[in-house]
Amino acid sequence: MTNITHPAPNFSLIEAKALAASHFGVSGSVGSLDSERDQNFRLSSEDGDWILKVVNASEPRGESEFQTALLDHLAGSGVDLAVPALKKTLDNTSLAFAAANDGTRHALRLVSWLPGQPLAEAERSPEALDSLGRALGKLDRALQGFIHPGALRSFDWDIRRAGASRRRLTHVGDANDRALLERFLDRFDAQVAPRLPGLRAQVIHNDANDWNVLVDAADPKRVAGLIDFGDALYAPLIAELAVACAYSILDTEDPIGAAAKLTAGFHAEYPLREEEIDLLFDLIAMRLVTSVTLSALRRQEAGDNPYLAISEAPAWRMLRRLDAMNRSFATAILRHACGFDAVPGARAVTAWIAAHAKTLAPVLDRHPATLVKELVPYGDPQHPMTVASAAQEPAKASAWWDAHSAEHGIELGIGPWGEVRTVYASDMFQSRFIEQERRIHHLGLDLFMPAGTKVRTPLAAVVKSVEIEQDPLGYGGLVALEHAPEGCPAFVTLWGHLAHEAASRLKPGQRLEAGDVVGEMGVAAQNGGWAPHLHFQISTDTSLSAREILGVGEARYLDVWRELFPDAADLAGIPPETFVQKGRSRPEIVAARKTSLLPNLSISYSEPIKFVRGEGAWLIDDRGRAYLDCFNNVCHLGHAHPDVVEAIARQAAKLNTNTRYLHDAIVTYAERLTATLPEELSVASFACSGSEANSLMLRMARTHTGRSDAIVLDWAYHGTTQELIDLSPYKYKRKGGKGRPAHVFEATIPDSYRAPADWPVAEHASRFAESIAEQIAAIKAQGRAPALFMAESIPSVAGQVFLPEGYLKEVYALVRAAGGVCVADEVQVGFGRVGSHWWAFETQGVVPDIVTMGKPIGNGHPMAALVTTKEIAATFNNGMEYFNTFGGNPVSCAAGLAVLDVIERDRLRENAAGIGAYLIERFRELQTRYDIIGDVRGMGLFLGIELVEDRKTKEPATALARRINDGVRARGVLIGTEGPHDNVLKMRPPMIFSRANADHLVSALDDTFGEVLATR
Ligand SMILES: Cc1ncc(COP(=O)(O)O)c(C=O)c1O
């Protein structure tokens, strides 16, 4: 083994010149060069410049031969990097030998002088570091597979022997310095050395310090060559990089950033493995430990050697900086630079949370998505709340926030991930990685609610630590939980600023189930001195202790922190719209509607809502508040149902045409749809809206009967075209309407709740049917007969009216006897909404002649249908074509098929029946407590609650109904009011409505009833 403390050779310039001439035939002027343990001379001859290397006498011959073999190998490898070329001796060998005056024999080698400037004298720009990394990557790739017995050497610069530095600690005078080195050595012995034998090994240069790296003088950002292969050996590949980094990062403002550049450059040429990068930080430090301890030894043994001392002071400075860094974070930066997860599994954790967000237990008693939220102004350093918080005046900060929240109805304040918070002013926030830089980006998610608010774990967990951090503006009560959900790498959640009660209740190792209380938001005296809030944070690195988890990070490494400490918004169930608003504001849209849209368009609620996203039973507004949608029956399967979205997108991407060309979808859909109906109803036709379906129905009924008089129910609505307005008392009798047209006859709404008290319930059907008989008689009295009778199978606009049992049977018999056709408008109530049946008319035991359908048919895609009998279809075929440009197009049919598939596959009719029955039961329970609930009615998920001032007189409670509707909306639930007196609460939630959704609706109703009635 080479003894690196063996004295260097000591030939004179004259001797060197003579040796060059006699052995290599090169003559010219000679100068001496620095070397640690060999002796190097520069020769300038006519055929170029050379370096004569006189090798240390202690170097075994095999090692000298190894170096010449190595240079030979590189010369033949075609590596795209300048390395010294060997000049053969006059005897055509690679090595010559010379004896010194004292008789010691030295090997001699002559290599070409490489042009360029040492990196040590150039700027270590990011580009130069990248270039150096690439150069080393190329070199080592070229050396892959090269081996020589002389390479199996070991000496003090071998990274595997770095632990031997401990023996040299005695030469380090200062106790603090020794302690510093010992920390690195202890870690190396315990954690690093045992892992080195498992890493890839090969021949490496092992000394890419910045004097051995040459940059292009004309372009100092480009590494042009590498010299001095004297330390080459067979060693772990990663040592190559560790050595290069150790020198390149000295005295840089961002040493780990510099090392990351170099590493990424190497990785681009010669891909590294994660287990190699994971040791890099320690190996860089150990190279410096080796260096400073060898210097210390040298100083004692050989007096001052300027070559050895050259990097000593910067090396000490760097060791102190590395010692202050968290090695996990440094490693994360290095890993990230190479495209690996900052910590293994980091990206899988974030992806898992995003994919499972809907299944997580809410972190607050009320789901954060449903609360009115606003960002807390900590991002504004001048804001009074920020100023008060920074000045440790939490009461003042809280007072501002509480008043602001009360004024604007804010329920949850949010401090977002990544927010710039210059307010963090203490020394604690000085970066340990980057000189003169502060940590300013918030890496947690703050949830501001009153002290005492309980916070719950979204997933099962094991308590990792519980502590009380006493520092001013610290965390106060602090809990760390570890989660290991199936299919997800383990991760940690941090819960800061809690009340101290958590510390006495929780114990490390304790298991919590999803939804269990972690703690409660502490008062300022317990939470580190803040306005009450929770600092909630994820750490994908489970090895960090609660206090090591970085709450605020440097801007430069935000991408790394994003992986180590990802935004906890998904885990906390905070919709992204909370943080970023897009498009026009609500008032801007209202104003634009006024100038560019028909003023007849109405807007729900006095304070309109702007929805930006739908998801299942939920609609999310532009500020990230989720509303439970119990009103819009169009999104039958829930908003944005993936199967329908996919079916539409797939077909739209392929073909959309019209019914004049053949296509599979329309016939398949017609077969599937008619299969849900009684056998007689076997012919389908398609349109784009319920109104179009009803218009077509009208043409059919008139063509079939040759008449045009129609009987409808009072307060009915059947569509928006003029001919349907004429059939809609709800329209023609109200503002702007022209009253009942002569061909239209209105029958009484068959509303059992409002039936005369003296009618026996069993007779309601026939008593109400009398009104139809009267209308038929009235038509007849004018010398005509009815063309049609049309009714919704559950009149909706009339106030969710459920027909008395047997009513339609009697009515259909009367109408048919008069020669009219019977039409069921199932635009609102069809497609399984009633649960027990596909179609609401089936609950009456009748078969209509024509059924019209719309709204839920395409889950939001504009389409509609009409199904009729063969007979009516035949008479309608009178020679006039029925063509509807969009009706029955392939995209609509794809949507319709997907809706039928999902209803069947997910057994949504059963769900509607079960949840509907549960809701009726819960509403009835409300009815026992709230007198204003006059009637509760429903079938499946078609529901109504009728409000009355007095249960006896049944005086409609119209004003209260509006207040309840508004109050429920304020609680984040959408319902509507209907009926001639607008006193019926109308609910038509999507067919996927869950029991939890039902409970949510009932609790919003319950709270609202309580509040409204208390202030009646
Ligand atoms: C019972 C009923 N029929 C027909 C229609 C008309 O449907 P569309 O608005 O799709 O034209 C509606 C719409 O509200 C309706 O409720």
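Colleague: Which residues are around the ligand?

Modeller: This is a predicted model. In it, the residues around the ligand are Ser-689, Gly-690, Ser-691, Asn-694, Tyr-717, His-718, Gly-719, Glu-792, Asp-825, Val-827, Gln-828 and Lys-855.

Colleague: What makes a residue count as being near the ligand?

Modeller: One of its heavy atoms must lie within 4 Å of the ligand. By class, the shell has two nonpolar, seven polar and three charged residues. Helix H20, residues 690-705, gives the most to this shell, with three residues.

Colleague: How do you know that Ser-691 has a polar side-chain atom close enough for a polar contact with the ligand?

Modeller: The cut-off for a pair of N or O atoms is 3.5 Å. A polar side-chain atom of Ser-691 lies 2.4 Å from an oxygen atom of the ligand, so the pair is within the cut-off. Gly-690 uses a polar backbone atom, 2.8 Å from a ligand oxygen. For Asp-825, an N or O atom of the side chain is 2.7 Å from a nitrogen atom of the ligand. The protein covers 84% of the 390 Å² of accessible area that the ligand has on its own.

Colleague: Why is Asp-849 called buried?

Modeller: Buried means under 20% relative accessible area. Asp-849 has 14%, so Asp-849 is buried. Asp-849 lies in the loop between strand E31 (821-825) and strand E32 (850-853).

Colleague: What makes the pair of Asp-849 and Arg-816 a polar contact?

Modeller: The limit is 3.5 Å. The side chains of Asp-849 and Arg-816 make their polar contact at 3.1 Å, so the value is within the limit.

Colleague: How do you know that the length of helix H19 agrees with its number of residues?

Modeller: H19 (residues 664-675) has twelve residues, and at 1.5 Å a residue they should span 16 Å. The end C-alpha atoms are 17 Å apart, which agrees.

Colleague: Which residues of H19 are buried, and why are they said to be on the same side?

Modeller: The buried ones are Ala-665, Tyr-669, Ala-670, Leu-673 and Thr-674. They cover an arc of only 145° around the axis, so they are on the same side of H19. The face turned away from that buried side carries the exposed residues Asp-664, Glu-671 and Ala-675.

Colleague: Why is helix H6 called mostly covered?

Modeller: Twelve of the 15 residues of H6 are buried. Among them are Pro-255, Leu-262, Phe-266 and Glu-269. The span of H6 (residues 255-269) also fits: 21 Å is expected, and the end C-alpha atoms are 22 Å apart, which agrees.

How values were computed:
Residues numbered from 1 in each chain as written. Predicted model: local features only at pLDDT ≥ 70, side-chain atom pairs only at ≥ 80, totals over all residues. Heavy atoms only, no water. Polar contact = N/O pair within 3.5 Å; in protein donor to acceptor, adjacent residues only side chain to side chain. Areas by Shrake-Rupley, 256 points an atom, 1.4 Å probe, with all protein chains shown as cover. Helix = DSSP H or I, 4+ residues; strand = E, 2+ residues; numbered from the N terminus. Nonpolar A, V, L, I, M, F, W, Y, C, P; charged D, E, K, R; others polar. Expected span 1.5 Å × (residues − 1). Buried < 20%, exposed > 50% of the residue type's maximum accessible area, 1.4 Å probe, protein only. Arc of directions from axis to C-beta.
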